[in-house]
Structure formats: C-alpha cells, structure tokens
Amino acid sequence: IASVKKNAANPKRVDKTLTPNKMFRFAVTAGNNEIIGVSQNYRSESGRNNGIDSVKRNAAKAAITDFKK
C-alpha cells in the first residue's frame, strides 16, 4: 500500500499500454519495476488519461481500511 501511495503520482512509474482488443490501460510500478497496480480497460486514450490523473490525485491521500479487525 505504501508503495502505491509513493509511486502513483510519479509519471515514470506509470506504464501506458494497449490491449490486443485495442483497449487502453495503465499499470503503476514500484521502484524495482514490479507491477503494483493495474487499471481497468478504457475504450479511449482520454479515458485512460483521466484514470491516471485520478490515481495521481487520490492515491497518496486514500484511506486505508483494515478488514481483518
């Protein structure tokens, strides 16, 4: 969780890809290049970019809930 919060706002840690079905998506990677989060598929590049912007804005301040308690 800490790695997602740390890396989500760093453009160097966001990989934009296109699926074989021509859907747009992105992944967030950690400092060791391990994938730590993958987006949903988007029908448009602008939709994907909006998703990236949302993650950048919200990841660092997202609440964490421990459901084990």
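**Questions on a predicted chain**

Me: Leaving aside its neighbours within four places in sequence, with which residues is Ser39 in contact?
Reply: This is a predicted model, in which local features need pLDDT of at least 70 and side-chain atom pairs count only at pLDDT 80 or more, while totals for chains, interfaces and linings use all residues. Residues are numbered from 1 along each chain as its sequence is written, and side-chain values use heavy atoms, with hydrogens and water left out. Contact means heavy atoms within 4.5 Å. Once the neighbours within four places in sequence are set aside, the contacts of Ser39 are Arg25 and Phe26.

Me: Is Ser39 buried or exposed?
Reply: Ser39 is placed in the loop between β3 (35–38) and α2 (45–58). A residue is buried under 20% relative accessible area, exposed over 50% and partly exposed in between, with a 1.4 Å probe and protein chains only. Because its relative accessibility is 10%, Ser39 counts as buried.

Me: In what order do the elements of the chain run from the N terminus on?
Reply: Helices (H or I, at least four residues) and strands (E, at least two) are DSSP runs, numbered from the N terminus. The chain has 2 helices and 3 strands. Read from the N terminus on, their order is α-β-β-β-α.

Me: What percentage of the residues of the chain count as buried?
Reply: The C-alpha trace spans about 40 × 25 × 20 Å along its principal axes. The chain has 69 residues, and the share of them that counts as buried is 26%.

Me: Over how many bridges do β1 and β2 pair?
Reply: Two strands pair if DSSP finds at least two bridges between them. Strand β1 covers residues 14–18, and its Asp15 has Ala27 of β2 as bridge partner. The pairing of β1 with β2 is antiparallel, and its number of bridges is 5.

Me: Over how many bridges do β2 and β3 pair?
Reply: Val28 stands opposite Gly37 in β3. The strands β2 and β3 are also antiparallel to each other, and the number of bridges between them is 3.

Me: Which residue takes a positive phi in the hairpin of β1 and β2?
Reply: This hairpin has 5 residues between its strands. The residue in question is not a glycine, although its phi is about 65°. With a relative accessible area of 59%, this residue is exposed. It belongs to the loop between β1 and β2, and its name is Lys22.

Me: Which residue takes a positive phi in the hairpin of β2 and β3?
Reply: Here too the hairpin has 5 residues between the strands. The residue sits in the loop between β2 and β3 and is exposed at a relative accessible area of 56%. It is not a glycine, yet its phi is about 70°. The name of this residue is Asn33.

Me: How far apart in space are Glu34 and Gly47, C-alpha to C-alpha?
Reply: Glu34 lies in the loop between β2 and β3 and, at 48% relative accessibility, counts as partly exposed. Beyond its neighbours within four places in sequence, Glu34 is in contact with Val28 and Thr29. Glu34 and Gly47 are 13 residues apart in sequence, and their C-alpha distance is 24 Å.

Me: How far apart in space are Lys61 and Lys5, C-alpha to C-alpha?
Reply: Lys61 is found in the segment after α2. Its relative accessibility is 62%, so Lys61 counts as exposed. Although Lys61 and Lys5 are 56 residues apart in sequence, their C-alpha distance is 7.7 Å.

Me: Which strand supplies the largest share of the largest nonpolar core?
Reply: A nonpolar core is a set of buried Ala, Val, Leu, Ile, Met, Phe, Trp, Tyr and Cys residues joined through side-chain atoms within 4.5 Å. The largest one has 6 residues, namely Val14, Phe24, Phe26, Val28, Tyr42 and Ile52. The largest share, 3 residues, comes from residues 24–29, which form strand β2.

Me: How far apart are the mean positions of the positive and negative charges of the chain?
Reply: Lys and Arg count as positive and Asp and Glu as negative, while His and the chain ends are not counted. The place of a charge is NZ of Lys, CZ of Arg, CG of Asp or CD of Glu. There are 14 positive and 5 negative charges, and the distance between their mean positions is 2 Å.
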